[in-house]
Amino acid sequence: MEISYVSTRNGHEAITASQAILKGLADDGGLFVPTAMPRLDKSLQELSGMDYREVAYQVMKLFLTDFTEEELRHCIDSAYDSKFDTAEIAPLHEADGAYYLELFHGKTIAFKDMALSILPHLMTTAAKKNGVTNEIVILTATSGDTGKAALAGFADVPGTRIVVFYPKGGVSPIQERQMVTQTGANTCVVGIRGNFDQAQTGVKQMFGDKALNERIGKAGFQFSSANSINIGRLVPQIVYYVYAYTRLLKTGGITDGEAVNICVPTGNFGNILAAFYAKQIGLPVKKLICASNENKVLFDFFTTGTYDRKREFHLTSSPSMDILISSNLERLIYRIAGYDPEKLSSLMKDLTEKGEYEITPAMREGLKDFYGNFATEEETAAKIRSLYEDTGYVIDTHTAVAGAVYDKYVAETGDKETTIIASTASPFKFTRSVMKAIGKDRPEVADIDLTDDLSAIAGVPIPPAIREIKDAPVRHTTVVDIDGMRDAVTNFLGA
Ligand SMILES: *Cc1c(COP(=O)(O)O)cnc(C)c1O
C-alpha cells in the first residue's frame, strides 16, 4: 500500500513521506497525516524474534513508502548503533508491577534521541530523493530535551544547519549546559526571554513568513522542522512500542495477542500519539494513559471535551512537559473530526482567537482509547521516593509523573492489565529534583556534581552525556527577546 500525506487543514493535496519530512509543517499551518493507516504485515511472534533495527524497519517501511529498502535500512543502521549504550536500544525494567520502557539510552539521555538520531538521516535522504540542493536549516523551539537531542543529531551533518531556541530560565541547569556547550560549526543555540509556547509560536511564524523564506531561499537555504510535529519524528517513535510489546512476548511477560496499557508522560502529545498509531497498526493496546503534570490542560480536555489554554503556566520539576499547547493533538482531533479539514481548521482557529475549543459529544466518543490524569509536584516526588525505597530503582521526574498517574488509574479502575510506562529521561538529567524527592539533596553542591551522589545511591554509573559536559566550554551565549528571534536566524545564516 502506497501511503501519502495530507495536511490536517487541507485534506486533499497529497505529498510523499519524504516530502512531508522535508517540509515538517504544511504551508497552511496544518500537520501532515497519513492518508490511510497501514497494518503490521509481520506477526507479533515473528517480530519478537527480531532485533531493534529489524523491528524499526518492519514498522517504518509501512509509513515511509517512498523510501527504498536500502535507503531506509541505511538510515536505521546509521541511527541505532553504538551511540546507544545498550544493544537492546530500549530496554524494559520491571519495578513494582509495571514495565518501565527506558527510552534514555541515547546520546543525550532522553527519549527524544530515539527519533532525533534518525531524523537527520531521513531528512538528508529525503533531500536527495527530491533533488533539493538548498542547505536545510532546522528551526527548533525546545522545552529542554528536544534542543539538545536535535543538536546532537544534526551537528556536523553535511547539508544541514540547526538553530535552537529555548526559554532562558525555563530549562534545568544541566539541560542548559548541555545545549550551550554544543559543538559543530552548523549549530546555533539562542536563549529567549519568554516561555516555551512563545518560542514555539515564534518558530511557527518564521515557517509561515513568506518574505523571510524567500530571503533565505535566495541565499541557498530552506527551513525545516525537527519538532515533534515532523512525521520523521513521529514514525520512529511507533517502533519502540511494538518492540517493547514483542520483548514482553519473548520473555513470557504476556501471551500472544494479550492487550497491554501504555502510560506516557505527555507534553506536546507526540510520544503518546505514536503509541496510539502503534495500536492502529495492530498492536494489542487497551488503554493509552495520558499523564500530565500541573500543566494539566490535557487532563481537563479528556474530562470535559474543552481544550482551554487560557490558564496559568506552571514551571514544574518536569519542564519538558510544561506545555499549554500540545501541537500533536491536532492529528488526533483531525481523526475524531472524521478527517474533516474544515471542522479541524475552525477548532484551531478558536484556539488561536479565543484560546479554547470544544469538541462535540460524537467526537468525544473517538477518545475512548485514552485515559487522562495528572500528578502534582508532591505526588511526583512521592512516586520517586516510594519506588526507590521499595525497589531501589530511581526514575526521573517526567517518568514519575507517569508512574503516579498510573497508580491513580489502577486505584480508580482496578485494571491490572500489564502496563508499559514510557521512561522518558535518565534521572541524571534531573539530578537535583530527584535527590530532593529521595531526601538526599545537598544544596551546597552544584547540580553537575550531585550526580556523583545519585550514582552512588542508584548503583548506576554516571552516563557519558553528563561526564562530557562537566568541563566543556560554553560556546553559545546569545539571549534575545521574542521579537529578536528572526534576526538571530538571519544573522547566523548571513542571509
Ligand atoms: C519531550 C518530553 C516529554 C513529552 O513528550 P511529548 O512527545 O512532547 O508529549 C516527556 N518527558 C521528557 C523527558 C521529554 O523530553
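Reader: Which residues of helix 18 are called buried?

Author: In helix 18, the buried residues are Thr397, His398, Thr399, Ala400, Val401, Ala402, Gly403, Ala404, Val405, Tyr406, Tyr409 and Val410. Buried means under 20% relative accessible area, exposed means over 50%, and partly exposed lies in between (1.4 Å probe, protein chains only). This is a predicted model, in which local features need pLDDT of at least 70, side-chain atom pairs count only at pLDDT 80 or more, and totals for chains, interfaces and linings use all residues. Residues are numbered from 1 along each chain as its sequence is written, and side-chain values use heavy atoms, leaving out hydrogens and water.

Reader: Why is helix 18 described as largely enclosed?

Author: Twelve of its 17 residues are buried, so the rest of the structure largely encloses helix 18.

Reader: How do you know that the span of helix 18 agrees with its number of residues?

Author: Helices are DSSP runs of H or I with at least four residues, strands are E runs with at least two, and both are numbered from the N terminus. The expected span of a helix is 1.5 Å times one less than its number of residues. For the 17 residues of helix 18 (residues 397-413) that gives 24 Å, and the end C-alpha atoms are 24 Å apart, so the two agree. Just after helix 18, Gly414 has a positive phi of about 70°.

Reader: What do the span and the burial of helix 3 look like by those tests?

Author: Helix 3 (residues 52-63) has twelve residues that should span 16 Å, and its end C-alpha atoms are 17 Å apart, which agrees. Nine of the twelve are buried, so helix 3 too is largely enclosed by the rest of the structure. Among them are Tyr52, Tyr57, Met60 and Phe63.

Reader: What makes a set of residues a nonpolar core, and which members of the largest one touch the most others?

Author: A nonpolar core is a set of buried Ala, Val, Leu, Ile, Met, Phe, Trp, Tyr and Cys residues joined through side-chain atoms within 4.5 Å. In the largest core, of 111 residues, Tyr5, Leu64, Tyr241, Phe269, Ile333 and Tyr357 touch the most other members. Helix 11 (residues 231-251) supplies the largest share of this core, 13 residues. A second, separate core of 40 residues includes Tyr100, Ile289, Val410 and Ile421.

Reader: Why does Phe269 count as buried, and what is notable about its phi?

Author: Its relative accessible area is 1%, so Phe269 is buried. Phe269 sits in the loop between strand 9 (260-265) and helix 12 (270-280), and its phi is near 75°, a positive value in a residue other than glycine.

Reader: Is Tyr339 buried, partly exposed or exposed, and where does Tyr339 lie?

Author: At 46% relative accessibility, Tyr339 counts as partly exposed. Tyr339 is in the loop between helix 14 (329-336) and helix 15 (341-354), and its phi, near 55°, is also a positive value in a residue other than glycine.

Reader: Which backbone atoms make polar contacts with the ligand?

Author: A polar contact is a pair of N or O atoms within 3.5 Å; within protein, one must be able to donate a hydrogen and the other to accept it, and residues adjacent in sequence count only if both atoms are side-chain atoms. A polar backbone atom of Gly267 is 2.7 Å from a ligand oxygen atom, a backbone N or O atom of Gly270 lies 3.2 Å from one, and a backbone N or O atom of Asn271 lies 2.8 Å from one. On its own the ligand has 380 Å² of accessible area, and the protein covers 98% of that. Accessible areas come from the Shrake-Rupley method with a 1.4 Å probe, and for residues only the protein chains shown count as cover.

Reader: What makes Asn373 buried, and what does its side chain contact?

Author: Asn373, in strand 13 (residues 370-374), has 7% relative accessibility and therefore counts as buried. Its side chain makes a polar contact of 2.9 Å with the side chain of Tyr371.

Reader: How do you know that Thr181 is buried, and which residues far along the sequence does Thr181 contact?

Author: Thr181 has a relative accessible area of 8%, so it is buried. Contact means heavy atoms within 4.5 Å, and beyond its neighbours within four places in sequence, Thr181 is in contact with Ile469, Ala472, Pro473, Val474 and Arg475. The C-alpha atoms of Thr181 and Arg475 are 5.2 Å apart in space, although these residues are 294 residues apart in sequence.
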